[in-house]
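Reader: Hey, I've got a protein to look at for class and don't know where to start. Can you walk me through it?

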Amino acid sequence: AVCDEDTMSSSSVGMSDLSDEILLCILRHVPVCDLVLNVANVCHKLHTLCHDKTLLSNVSLSEEYQADDLLVRHILRQLSNHVQSLSLNGCYWLSGSTMELLARCRGVTHLDVTGCRITSLRLSRLLSSLSLLRSLAFDVTPSFNSAQLSSEAVDSLSRLSELRQTLLTPSYGVVPCCAQLRKLMLQFDIPDVTREGVGVCCQLMVGQSSVPHYQQLEEFTARLAPGEVNQTLLLLYLAVFSVHVPKRLRVFLVSIPGPNPAHWPAAPSLAKSLSQRGDLEALQLPRSWLDSLSLKRALEGNSPKHLSFSRCPALWPQVFQSLLEGGVKDATQLISLNLSGINQLLYAECRSVDDQLVPGTMSRLALGCSNIKHLNLMHTHYHHENSPGSVAETHLCASLAKFRHLSSLTLPACALSDGLNSHQISTNNTSPSALFLGLKKAPRVGLHNYKLDSESSLSGESTSGLTQLFAGCPVLETLEVIGPGFVSVLPRLEPCSRASVEPRGMCAWARGVGDAHLAALEALPRLRRLTLAGLPGVLRGTGLVQLTRQCKDLQVLSLANMGSLKTMNYTPALLDTLKQCTQLQELRLEQPYLNANASFFEALSCCSRLQRLCLISRSGTFDPVATETFMEQCSCVVMCHMFMGGTLVACRTLQKALLD
């Protein structure tokens, strides 16, 4: 920083000269471990401030990987009289005896022990001591037994207003004990088959006499992992809705992966009930649960803030009719809108206008829903026609630019294209028969031959749509560009997503998105999180270098299947990109032929703040020595996932070296 000497005092200003109010604002950004153990020992003034109740009332030790049992016990002893909200989410390494010390924090009203070692008896002792508890989050493990809860624990559960359960086994957990529950969040993560190969079923649950009733329920959220058991268990949780829908319900979010979710007969009655009070805030249902009429009833008279219609193509007309033609009370209240795959037509190269995003419709949506901050248009299509001699239509990006408050945006790759050039049109119009498609020569390994005019130049003329978009969305922080046909090699929901994704390269407009479009992203100086996946038109990756040169604060970067899948042709540009990402905290890189050699890890070492690294390459190679050197230099890394083509011996040797 350069300061004017005339405006500065001759004597320096130290931290101790700042007021208590300013110091407290600074100390709020310090992790509680450093606050109590380090900063408090600097001087008497900081010792007093570090024990201020405003700093110690809300404590989170989640992801504090250096906080071992001894340290956490010391912190809990000092905070027991101050803490009101305590999160140990994901602290799987803490022992059961450390968990017992939580009973000393008798003033706690919010407790999160998800992922911790909590048995039924230990949970019972905690609940018996925490009489003021109003919010609880924990895991329901296979050894959980609600019969082991004491009467004092059941009394504490009866006063809970908020509960989050991660279900690892078929069970109601503690839900039947929570008579005053207002907010229920469920994560279903039960495999269909155990590690021993035994099938899992939910028949034991049917016979339980204590079932949830949700008399006071206002918010219901359920997220499911793939599997029939999870869907069956969800329907058991929702069985009471067939008889009685909670009158105060205003948030109902259910996410079921896969193309064919189980049918729920009570969905129409739920939609009718949601329209009666007029205070609906958020709605997400699987596509088989709602029809157009039910959706119309659910939205009538409401002013929702969050709506998700992912993979619901049958609802496409009704969604826009409700949002644009007075079907909701106040559309300006809408903050988040997920339209992923809502107009998807599988495996069709020649799509009609009805199957694509319409710029005029999106312009009307931007005017009516003027406060949208999060918009997801993945798995949709937009084909901009810009042929010579015809009247140029308004680009979709120009319509999206009217969403002035957008902070996160997910787009299909074809939405970035300004139209097909002559080379792409000639290639696209060639329609060989199905017989000759099977005899087509495979593309050679290496860079494809291409003419200079076939690759978008960096002049900006071929990215005019993007230029308009970025000019109208100055606060955009998260951007995802997903090409059609992209399916990760190792996604969590791979069996479900593969059935609903068209083949790679099907969309000619998406094939035209290349380095020039990536370079245009430099117009987003506030960009923090960037995902680029399934972009075959990226040849050398020079656009990556240009955008990271301007986007200095990029924190999360995910690149997958860029360019040719037969070889990785943008390695030099990737290394230059990594050297510029000094603020990067998370990197996910998926490419079939990734070479994680010494040069790669040397460039990655420039990302000194990197915390999470994930490399996916079935045919890739890695250098064990370079990996060890990188891990020694980047001490902030807490997660290192490498799914590469190395031998099992090499992987185990590297794993042991890193653990040591």
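Author: Sure, let's go from the whole chain down to a few details. Keep in mind that this is a predicted model.

Reader: OK, how many helices and strands are in the protein chain?

Author: The chain has 26 helices and 21 strands.

Reader: And how much of it counts as buried?

Author: Of its 660 residues, 47% are buried. On the outside, the chain exposes about 31600 Å², and carbon and sulfur atoms supply 52% of that.

Reader: What about the inside? Which residues have the most contacts inside the largest nonpolar core?

Author: Those are Phe-220, Phe-241 and Phe-252, in a core of 184 residues. Helix α5, residues 69–79, gives the largest share of this core, with five residues. In general, nonpolar side chains in soluble globular proteins tend to be buried together.

Reader: So what does Phe-241 touch?

Author: Leaving out residues up to four places away in sequence, its contacts include Tyr-214, Leu-217, Phe-252 and Trp-264. Pro-246, Leu-249, Ala-266, Ser-269 and Leu-270 are also on its list.

Reader: Leu-270, is that in a helix? Which residues of α11 are buried?

Author: Yes, Leu-270 belongs to helix α11, residues 267–277, and is buried along with Ala-267, Ala-271, Ser-273 and Leu-274. Those residues sit on the same side of α11, because they cover an arc of only 165° around the axis. As background, an α-helix has 3.6 residues a turn, so residues three or four places apart point the same way.

Reader: What's on the face turned away from the buried side?

Author: There you find Lys-272 and Gln-276, which are exposed.

Reader: And what covers the buried residues of α11?

Author: The cover includes β8 (251–255), β9 (282–284) and α12 (292–299). Just after α11 comes Gly-278, with a positive phi of about 75°.

Reader: Switching to strands: do β4 and β5 pair in the parallel or antiparallel sense?

Author: Parallel, over six bridges, with β4 at residues 135–140 and β5 at residues 162–167. The chain gets from β4 to β5 through helix α8, residues 151–158, in a right-handed β-α-β crossover. Across this pair, Asp-139 stands opposite Thr-166 in β5.

Reader: Which residue in β6 is the bridge partner of Arg-164?

Author: That's Met-185. β5 and β6 (residues 183–188) also pair in the parallel sense over six bridges.

Reader: Last one: what share of the contacts with a separation of 6 or more is between residues 24 or more positions apart?

Author: In this chain, 77% of them.

Terms used. Residues numbered from 1 in each chain as written. Predicted model: local features only at pLDDT ≥ 70, side-chain atom pairs only at ≥ 80, totals over all residues. Heavy atoms only, no water. Core = buried A, V, L, I, M, F, W, Y, C linked by side-chain atoms within 4.5 Å. Buried < 20%, exposed > 50% of the residue type's maximum accessible area, 1.4 Å probe, protein only. Helix = DSSP H or I, 4+ residues; strand = E, 2+ residues; numbered from the N terminus. Contact = heavy atoms within 4.5 Å. Areas by Shrake-Rupley, 256 points an atom, 1.4 Å probe, with all protein chains shown as cover. Arc of directions from axis to C-beta. Pairing = 2+ DSSP bridges. Right-handed = clockwise from strand over helix to strand, strands pointing away.
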